[in-house]
Amino acid sequence: QVQLVESGGGLVQAGGSLRLSCAASGRTFSNYAMGWFRQAPGKEREFVAQINWSSGSTYYADTLKGRFTISRDKAKNMVYLQMNSLKPEDTGVYYCAQATRYTGSSPYTGEEKYAYWGQGTQVTVSS
């Protein structure tokens, strides 16, 4: 089993920044990817960003490129999401997830690709 715990959410004014963290523990896999998803009130959960744990290559939702950055610290088993120039529409619960059978041939943007999920952390951006 894999345990994922997010932190770093909170209330921020529009234009501000937040850095989310995700601590991973438990079983390890040889090839996997870590992703961030978010769910706004009344909306479906959507893909934000993904990182290939092994290579560090990243992939982003088109609408978030340039504002969000995903990174990982292998030594600490941590994944981060740096969010800049935040907008009210970025408000939602942000989830960290792990895809355990990642081949690296294409990005995993669908929820069904991810086997493990954290409990989520709330991000609220005020206007």
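In the predicted model, glutamine 98 is found in strand S9. The residue is buried, since its relative accessible area of 3% falls under the 20% limit. Not counting residues up to four places away in sequence, glutamine 98 touches Val2, Leu4, Phe29, Tyr32, Ala33, Met34, Tyr114, Ala115 and Tyr116. Two of these partners, Val2 and Leu4, belong to strand S1 (residues 2–7), where they point to one face together with Glu6. Another, Tyr116, has its place in strand S10 (residues 116–117).

Tyrosine 116 is likewise classed as buried, because its relative accessible area is 17% and the limit for that class is 20%. With neighbours within four places in sequence left aside, the contacts of tyrosine 116 comprise Gln1, Val2, Leu4, Phe29, Cys96, Ala97, Gln98 and Thr100. The C-alpha atom of tyrosine 116 is separated by 7.4 Å from that of glutamine 3, although the two residues are 113 positions apart along the chain.

Glutamine 3 itself is part of S1, a strand with alternating side chains. Val2, Leu4 and Glu6 point to one face and are buried, whereas Gln3, Val5 and Ser7 point to the other and are not buried. S1 runs antiparallel to strand S3 (residues 18–26), to which six bridges join it. Within this pairing, glutamine 3 stands opposite serine 25.

The whole protein contains eleven strands and zero helices. Read from the N terminus, the order of elements is accordingly β-β-β-β-β-β-β-β-β-β-β. The radius of gyration is 14 Å, close to the 14 Å that the globule rule gives for 127 residues, so the protein is as compact as a globular protein of that length. The C-alpha trace spans about 45 × 25 × 25 Å along its principal axes. Of the 127 residues, 46% are buried. Among contacts with a separation of 6 or more, 58% involve residues 24 or more positions apart. The exposed surface amounts to about 6500 Å², of which carbon and sulfur atoms supply 44%. The protein carries 13 positive and 9 negative charges, and the mean positions of the two sets are 7 Å apart.

Strand S4 (residues 33–39) is mostly covered, with six of its seven residues buried. S4 pairs with strand S5 (residues 46–52) in the antiparallel sense over six bridges, and glycine 35 stands opposite glutamine 50 of S5. The two strands form a hairpin in which six residues lie between them. In the turn of this hairpin, glycine 42 has a positive phi of about 75 degrees. S4 also pairs with strand S9 (residues 92–99), again in the antiparallel sense, over seven bridges. In this second pairing, valine 93 of S9 is the bridge partner of glutamine 39.

S9 has a further partner in S11, with which it pairs in the antiparallel sense over three bridges. Here tyrosine 94 stands opposite threonine 121 of S11. Along strand S11 (residues 121–126) the side chains alternate. Thr121, Val123 and Val125 point to one face and are buried, while Gln122, Thr124 and Ser126 point to the other and are not. S11 is also paired with strand S2 (residues 10–13), in the parallel sense and over four bridges. Valine 12 stands opposite valine 125 of S11 in that arrangement.

Positive phi values also occur in residues other than glycine. Asparagine 77 has a phi near 55 degrees and lies in the loop between strand S7 (68–73) and strand S8 (78–83). With a relative accessible area of 28%, asparagine 77 is partly exposed, because this class covers values between the 20% limit for buried and the 50% limit for exposed residues. Serine 85 has a phi near 50 degrees, and its place is in the loop between S8 and S9. Serine 85 also counts as partly exposed, at 41% relative accessibility.

Definitions and conventions. Residues are numbered from 1 along each chain as its sequence is written. This is a predicted model: local features need pLDDT of at least 70, side-chain atom pairs count only at pLDDT 80 or more; totals for chains, interfaces and linings use all residues. Side-chain values use heavy atoms; hydrogens and water are left out. Buried means under 20% relative accessible area, exposed over 50%, partly exposed in between (1.4 Å probe, protein chains only). Two strands pair if DSSP finds at least two bridges between them. The radius of gyration is taken over C-alpha atoms; the globule rule is 2.2 Å times the number of residues to the power 0.38. Contact means heavy atoms within 4.5 Å. Accessible areas come from the Shrake-Rupley method with a 1.4 Å probe; for residues, only the protein chains shown count as cover. Lys and Arg count as positive and Asp and Glu as negative; His and the chain ends are not counted. The place of a charge is taken as NZ of Lys, CZ of Arg, CG of Asp or CD of Glu.
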